[in-house]
Amino acid sequence: MIDSIRGRSLLSLDELSKEAIVEILDMAESFVEVNRRSIKKVPALKGRVVASLFFEESTRTRLSFETAAKRLSADVLSLAVASSSVKKGESLRDTIATIDALGIDAVVLRHRSSGAALQVSRYVPHVRVINGGDGLHQHPTQGLLDAFTIRQILAERTGTSGLESGTAHFEGLRILIVGDIRHSRVARSDIAAYATLGAHVRVAAPGTLLPEDIATWPVTVATDFDDALAWADVVCLLRLQSERGSGTFVPSLSEFRFTHGLTVARARTLRPETLIMHPGPMNRGVEIDSRVVDSSACVVERQVSNGVPIRMAVLYLTVAGSHEGVQL
Amino acid sequence: MSDIVLRQGLVVGESASNLGDVLIVDGRIAEVGPSIDAPSGATEIDARDCWIGPGFVDLHTHLREPGREAAEDIDSGARAGALGGYTALVAMPNTEPALDNVAMVGYVLERGARSALDIAVAGAITQGRRGELLAPMAEMAALGVRLFTDDGVGVQDPSMMRRALTYAKPLGVRLAQHCEDELLAASGTMNESSFSSHLGLVGRPALAEELMVLRDIELVRLTGAPLHFLHLSTERSVALVAAARGEGLPVTCEVAPHHFTLDESACATYDSVFKVHPPLRTAGDVAALRAALRAGVVDAVATDHAPHAPELKDLAFDEAPAGMLGLEHAASLTAEALGGQADPQRFFQLLSRGPAFIAQLRHGDARVRHSGHGGALARGEDANIVVFDPGVTWTVDRHELASKSRNTPYDGRTMHGRVRATIAKGHLVVSDGILT
Amino acid sequence: MGHEEEPQARQRDLAFTAKSQLLSSDDVARALRRMAHEIVERNHDVSSLSIVGLQTGGKSIASELASLLSEIVGQAVEAGMLDVSFYRDDLSRNPIPTSATTHIDDDLTERTVVLVDDVLYTGRTIRAALNALSDWGRPRAVQLAVLVDRGHRELPIRPDYVGKNLPTSLDEAIVATLDGVWIGTRGPK
């Protein structure tokens, strides 16, 4: 168990203790404030180099990370696979070595293979590796910003500060995660964060979208979706990738919506204070109806805006905590 | 709907049988007793020397509608079923187009609602029954479908079957499998043995069926989902399923009358009426299946009623389509197989109560549209009842069938036992052995 | 030369052991009152002042100064808070402090900022504060008020208002709060 990510890589939320997670959430509060200033920049990582390596397409997450690094005054090297030599068969190891030769302090990595972040951290042990999503395995910053968003909103409702509340809002909180758990790295990171912070997590999905060993996970499988919706304080919807919903795992997108979509009718059965979340990008009309997205219970915009402060907190803790070099 | 009273038959309950009368009022059983005062105007049915029991439920009927209405349609199939003592039929999905979506399932349910019997639908497991992509089982289940099968063929790809079982399990429905490995069975037309070799016909080995039975038992073990085995034809298949059930796995099985009555030697005449998948097996298999029926090892008798237009069955053995009729003769053949001291409890368990459980058509099941079947013959139950005379003998004439088709393998055969009356959905549809 | 961190950077690992108390809470109260009067005397228009306490040591002192100023001039004076952690130049050597937040209400352009801290030592924290302030506009002037000046400046920084001058040696440590001022040592827990 890792008690703090200061000076370390962030590969998986499975490895972080409650203290480590709370440290990141608390640090992110400061960066929320920084993001409200007219000059959204602090010199904390001035002179440091952060490389963003996205082997999988993702404009939103990459921009979020790069913005975070720039607001910390770090220099950003950005590698989008399409325009790089990686497509021509250069291996992961060689790509890293090339970039490393330029002297990087941290790399943010997204890759379609599970474990890629861990492998990279072994090739370049002196570099902080931040996992931006590896295959089906983990997406730690998404799990963190989701937890942060929940704490932020629940604290606002009670007129307290998230910072002072620690994990109080999570203890006994009822969180329902719906959709393709089996293929979702976001689900794995979310569940790790929520369970560690003390929440009660249930999952609802068609049988084929649950992993075989779900019985060993720190969650309960909901047998009745509508009962689970009535139970939940927070409903987290996962994206159903169209290739999964075309008959191999689930007969069709319309059947998925029929059994597990958060339709307007189902959304009406939710309690008024229940939060609706989605890591994005959303398939409107599949896992969630358009009108439900636009309702006030849906806090997707907050999740998106919390992405930058959380990533700033992660970069700051992992990079600034290292014991190398002093700059003026 | 007029009142009906059945007089002095052996009323076969779930655990005990008693001589008596049954009164049906407004489509429900109003009273069961040793001697009942019937209201005036009630139709009287003489049930002396007969068994009175819950109407039969066929888990496996090919009604051919839509697509092959020349061979059979929902109405003609229902009439054939009524004559055979059936009050509910489960229509197989290998129609044209297949019953793999709500539109087609809804069509058959609508048409079936207007027929004499309760017509339930088995939806396809995969789109087009091609074995590649899952069919919308949840949407079909919302219409009341409780059984899913690609019958005609089995799901060949084990990973697909595994996913289908995993998907079906939380829906509370049951998958059913036609067990035959396509690659092993290949172009075979009858059982593989020295018979087929002698006749010069390519054989379908017993292993093609038994291997898939083994495979699917293990998939049930892995996924925990229930599975029903369709038309098991060999001694070993039945033994495998019985052993699996003994281990507590949620498996059930059916056997078809032709598999416990006829053996591969019938194919010697090259008459394609004896061509069926899975094929007629050895004499040893037939004996074993009959013993299994008597011992209670088999959960249900199901007809696999497969009508084919005459011109198709007149083709050469290897060119003709496989399948034979069964609705009108299943009960008689079952009574005969159970032997001279046939136990009426076992008879109704195999033909009615067992299948009603598997099809989720019992009174206690959550039925979306159908009435209750396979009951205890208790007051209040829906009137789906058959009066069966186990003692009468008669001869089959293939030209005297209610079915539109003629492909029965029992033409000229002497039958022991016959349906005297059938009450379906509260109406008297067969009386004195003929359609009303 | 390795210096001890300034007291504002609360190191988790080191604990303070007091040797003796140099100022009582009354002494501190008197000193702050005197400083408040000095601030008023020097800045005729108190309404153009922005009192900014440095997290975390200057927080309560700034609040106290602000309420004293309010009493003297008869108008409300608020204190803002500034967390300079992200502006420090010695991040790698010093562990990252637990986060405290910044609350500064207005654009500070053309205002006179009075930075308030508990102890002035090497001057690096004040220099970080000056960097930070530039992100809130361009103040007309910046003045510095500290409860204790313990000497040992490493940068050309000087206070405008001092509660008490306390020469110290490098191996000593100072704790200065509204409850009093102590001198002692810091060591591992």
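Visitor: What radius of gyration does chain A, with its 328 residues, have?

Guide: This is a predicted model, in which local features need pLDDT of at least 70 and side-chain atom pairs count only at pLDDT 80 or more, while totals for chains, interfaces and linings use all residues. Residues are numbered from 1 along each chain as its sequence is written, and chains are lettered from A and ligands numbered from 1 in the order in which they are written. For 328 residues a compact globule (2.2 Å times the number of residues to the power 0.38, over C-alpha atoms) would have a radius near 20 Å, and this agrees with the value for chain A, 20 Å.

Visitor: Within what arc do the buried residues of helix 9 of chain A fall?

Guide: Helices here are DSSP runs of H or I with at least four residues, and strands are runs of E with at least two, both numbered from the N terminus. In helix 9 (residues 253-260) of chain A, the residues A:E255, A:F256, A:T259 and A:H260 are buried, that is, each has 20 or more other C-beta atoms within 10 Å of its own. Seen down the axis, they line one face of helix 9, because the directions from axis to C-beta atoms fall within an arc of 105°.

Visitor: Which helix of chain B is among the elements that cover these buried residues?

Guide: From chain A, the cover includes strand 5 (174-178), strand 6 (200-204) and helix 8 (225-231). Chain B adds to this cover with helix 3 (137-142).

Visitor: How do the residues of chain B that touch chain A divide by character?

Guide: Counting contacts as C-beta atoms within 7 Å, 13 residues of chain B meet 13 residues of chain A. Helix 3 and helix 4 (158-168) of chain B each supply at least two residues of that side. With Ala, Val, Leu, Ile, Met, Phe, Trp, Tyr, Cys and Pro taken as nonpolar, Asp, Glu, Lys and Arg as charged, and the others as polar, that side of chain B divides into 8 nonpolar, 2 polar and 3 charged.

Key: Buried ≥ 20, exposed ≤ 12 C-beta atoms within 10 Å, placed from the backbone. Contact = placed C-beta atoms within 7 Å.
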